[in-house]
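Colleague: I'd like to learn how to read a model like this from the bench side. Could you walk me through it, feature by feature?

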Amino acid sequence: RNISGPVLIEFIVETDGSISNVHALVLLYPEFDEEAIRVIKSSPKWIPGMHNGKPVRVKYQIPIRFSME
């Protein structure tokens with residue numbers, strides 16, 4: 001198979017840096033989609049966004065590119 005392209009993942013970084021609401025917005029291939037979601041869910045805590053010196057929730061979208069030749 002010749003499959004390549006991005007999987008667009010959307011998620012929220014909570015005020016404590018944990019990740020929630022992970023899902024794929026742009027799908028590529030079921031196994032790649034699942035792997036991209038797994039990688040984001042298993043990532044270490046992030047640094048939350050700050051607003052007026054206080055941590056806030058932030059929504060992110062990240063493309064994860066796959067290539068299988």
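**Reading the model**

Modeller: Gladly, and let's start with the rings: Phe-11, Trp-46 and Tyr-60 form one aromatic cluster. Rings of Phe, Tyr and Trp (its six-membered ring) pair if their centres lie within 6.5 Å; planes under 30 degrees apart count as stacked, over 60 as edge-to-face and the rest as tilted. Before going on, note that this is a predicted model, where local features need pLDDT of at least 70 and side-chain atom pairs count only at pLDDT 80 or more, while totals for chains, interfaces and linings use all residues. Residues are numbered from 1 along each chain as its sequence is written, and side-chain values use heavy atoms, with hydrogens and water left out.

Colleague: How many aromatic pairs does that rule give?

Modeller: The count comes to five aromatic pairs. One of them is Phe-11 with Tyr-60, which is stacked, at 5.7 Å centre to centre and 15° between the planes. This pair links distant parts of the chain, since Phe-11 sits in strand β1 and Tyr-60 in strand β5, 49 residues apart. Helices (H or I, at least four residues) and strands (E, at least two) are DSSP runs, numbered from the N terminus.

Colleague: Are Phe-11 and Tyr-60 buried or exposed?

Modeller: Buried means under 20% relative accessible area, exposed over 50%, partly exposed in between (1.4 Å probe, protein chains only). Phe-11 has a relative accessible area of 0%, so it is buried. Tyr-60, with 30%, is partly exposed. Another stacked pair is Phe-32 with Phe-66, at 4.7 Å centre to centre and 5° between the planes. Because Phe-32 lies in helix α1 and Phe-66 in strand β5, the pair ties together parts that are 34 residues apart in sequence. Both Phe-32 and Phe-66 are buried.

Colleague: What does Phe-11 contact, leaving aside its neighbours within four places in sequence?

Modeller: Contact means heavy atoms within 4.5 Å. The partners of Phe-11 include Ile-19, Val-22, Ile-40, Trp-46, Val-58 and Tyr-60.

Colleague: Which strands pair with β1?

Modeller: Two strands pair if DSSP finds at least two bridges between them. β1 pairs with β5 (residues 58-68) in the antiparallel sense over 11 bridges, and there Val-7 stands opposite Ile-64. β1 also pairs with β2 (residues 19-26), again antiparallel, over five bridges; Val-13 has Ile-19 as its bridge partner in β2. β1 and β2 form a hairpin with five residues between them, and Gly-17 in the turn has a positive phi of about 95°.

Colleague: Which residues other than glycine have a positive phi?

Modeller: Asn-21 is one of them, with phi of about 50°. Asn-21 is found in strand β2 and, at 49% relative accessibility, counts as partly exposed. Asn-52 has phi near 55°. Asn-52 lies in the loop between β3 (49-51) and β4 (54-56), and its 72% relative accessibility means that it counts as exposed.

Colleague: Where does the largest nonpolar core draw its residues from?

Modeller: In soluble globular proteins, nonpolar side chains tend to be buried together. A nonpolar core is a set of buried Ala, Val, Leu, Ile, Met, Phe, Trp, Tyr and Cys residues joined through side-chain atoms within 4.5 Å. Here the largest one has 11 residues in all, among them Ile-3, Val-7, Phe-11, Phe-32, Ile-64 and Phe-66. β1, α1 (30-41) and β5 each supply at least two residues of this core, and the largest share, five residues, comes from β1.

Colleague: Why is β1 described as largely enclosed?

Modeller: Nine of the 11 residues of β1 (residues 3-13) are buried, so the strand is largely enclosed by the rest of the structure.
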